[in-house]
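Open the model in your viewer and keep the selection tool at hand. The stops below say what to select next and what to look for there.

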Amino acid sequence: MEIKCEYCNGNFEDTLENCPHCGASNANIRRMVDKTPKTIEELAQWYKDRNLPPYETTRFFIGINYTAPKAFGIYRDGNEIVVYKNKDTGERAIRYRGTDEAYAVNELFLKLKSEILNQKAGNINRTGSSGAGKPKKGSCLFTVLTTIALFAGIVVSVLLDGAGIALVIAIVATIIACVVLSTVEAFKKLQAKKISWLIYPLVFILTFTIAFIPIHRYSAPRYYNYDDTIYCRYHGSYYTYDDYYDDYYPIGIEALPVEIRNNSKDYAYNWNNESWDDRYSFKDSDYYDENFSSSSDSDSDYDWDSDSSWDSGGSDWGSDW
């Protein structure tokens, strides 16, 4: 079946990975990989999962033929899917009409994601502009150091997994301690004696120690070898390695050998006595990539804070899209 390229509007077969005209990746194939909504119902569920405001607030109407001005929407019209925009004048611009539901859904999906990011940016700007007075040099320095510390913590969390997450928690806890303690009058008196600053590293070390052990145990895969079969525990669930498919697949705890359930320490993979095969690494498996790896465009980036405001009046309602 022929589809239209999202970038150059050229037609090509949907089985091709790239558009032969401009080289852009085939969105249909990409959507199958990144779990993009492919039906109106899936898009509506994605919208609901993001905790977005009602359709009347965002002006995105999913599965509804909304006829009033200022609206984006998608609905079924017989065998066809219609993606539309109602301008501020009431005139309707049709973005797509056809039978390719996945393509139609993706058109509105991309527009919705773009608008969510715009609204988030607008909230930040409105919050920043509402502050009064010129920030003090000390608060600016504190903000810079905090930003650097958080960025470093995030980078380390990616590299070190459990240790990095614990590091981020420790940094955040220390920052909170700094903010809270700086408002306490008794603490201010200690500052004059230069004793109070010892509290910050103590808070950091204590928080890191408390957070590291449970997070590391939870986030690091744990392997077991029973009867020449490798089992893995990760995030509280169990998986076993299939030599035929060269990949892991999930199993229920009832499928885990009773010997491991009763005495897991005896069957933990012995790193000293057993030759480790890299193919058993759970985080290098296809299953992990498909189910746990995060992308730069994570759905959580579009989660909506119920305390934020949505101002649809700032959208460009005069254009076709």
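A residue counts as partly exposed when its relative accessible area lies between the buried range, under 20%, and the exposed range, over 50%. The model is a predicted one. With those limits in mind, select Glu80: its relative accessibility is 29%, so Glu80 is classed as partly exposed.

**Stop 1: Arg97 and its two partners**

Keep Glu80 shown and add Arg97. The two side chains form a salt bridge, 3.2 Å from N to O. Glu80 belongs to strand β5 (residues 80–86) and Arg97 to strand β6, so this contact ties together parts 17 residues apart in sequence.

Now add Asp77. Arg97 makes a salt bridge here as well, with the closest N and O atoms 3.0 Å apart. Asp77 is in strand β4 (residues 71–77) and Arg97 in strand β6 (residues 92–98), so the pair ties together parts that are 20 residues apart in sequence. Are Arg97 and Asp77 buried, exposed or partly exposed? Arg97 has 41% relative accessibility and therefore counts as partly exposed. Asp77, at 37%, also counts as partly exposed.

**Stop 2: Lys87 and Glu91**

Select Lys87 and Glu91. They form a salt bridge whose closest N and O atoms are 3.8 Å apart. Lys87 is buried, with a relative accessible area of 9%, whereas Glu91 is partly exposed at 47%.

Next, select Glu41, Arg76 and Glu101, which are joined into one network by salt bridges that share partners. The count of salt bridges in the model comes to eight.

**Stop 3: helix α2**

Select residues 40–49, which make up helix α2. Which residues of this helix are buried? They are Ile40, Leu43, Trp46 and Tyr47. These residues cover an arc of only 120 degrees around the axis, which puts them on the same side of α2. As a reminder on helix geometry, an α-helix has 3.6 residues a turn, so residues three or four places apart point the same way.

Stay with Trp46 and add Arg50. Arg50 lies over the face of Trp46, 5.2 Å from the ring centre. Then move to Asn51, which follows α2 and has a positive phi, near 60 degrees.

For another charge over a ring, select Arg92 and Tyr84. Arg92 lies over the face of Tyr84, at 3.9 Å from the ring centre.

**Stop 4: aromatic pairs**

Show the side chains of Phe, Tyr and Trp. How many aromatic pairs does the structure hold? There are 22. Select Phe72 and Trp321, one edge-to-face pair, with 5.4 Å centre to centre and 85 degrees between the planes. Phe72 lies in strand β4 and Trp321 in the segment after α11 (286–291), so this pair ties together parts that are 249 residues apart in sequence. Both Phe72 and Trp321 are buried.

Move on to Tyr234 and Tyr288. Their ring centres are 5.9 Å apart and their planes stand at 70 degrees, so this pair is edge-to-face. Tyr234 is in strand β8 (residues 229–234) and Tyr288 in helix α11, so the contact ties together parts 54 residues apart in sequence. Tyr234 and Tyr288 are both buried.

To finish, widen the selection to the cluster that ring pairs link together: Tyr234, Tyr239, Tyr241, Tyr248, Tyr280, Phe282, Tyr287 and Tyr288.

Technical notes
Residues numbered from 1 in each chain as written. Predicted model: local features only at pLDDT ≥ 70, side-chain atom pairs only at ≥ 80, totals over all residues. Heavy atoms only, no water. Buried < 20%, exposed > 50% of the residue type's maximum accessible area, 1.4 Å probe, protein only. Helix = DSSP H or I, 4+ residues; strand = E, 2+ residues; numbered from the N terminus. Arc of directions from axis to C-beta. Salt bridge = Lys/Arg side-chain N within 4 Å of Asp/Glu carboxyl O. Phe/Tyr/Trp six-rings, centres within 6.5 Å; stacked < 30°, edge-to-face > 60°. Lys NZ or Arg CZ within 6 Å of the ring centre and 35° of its normal.
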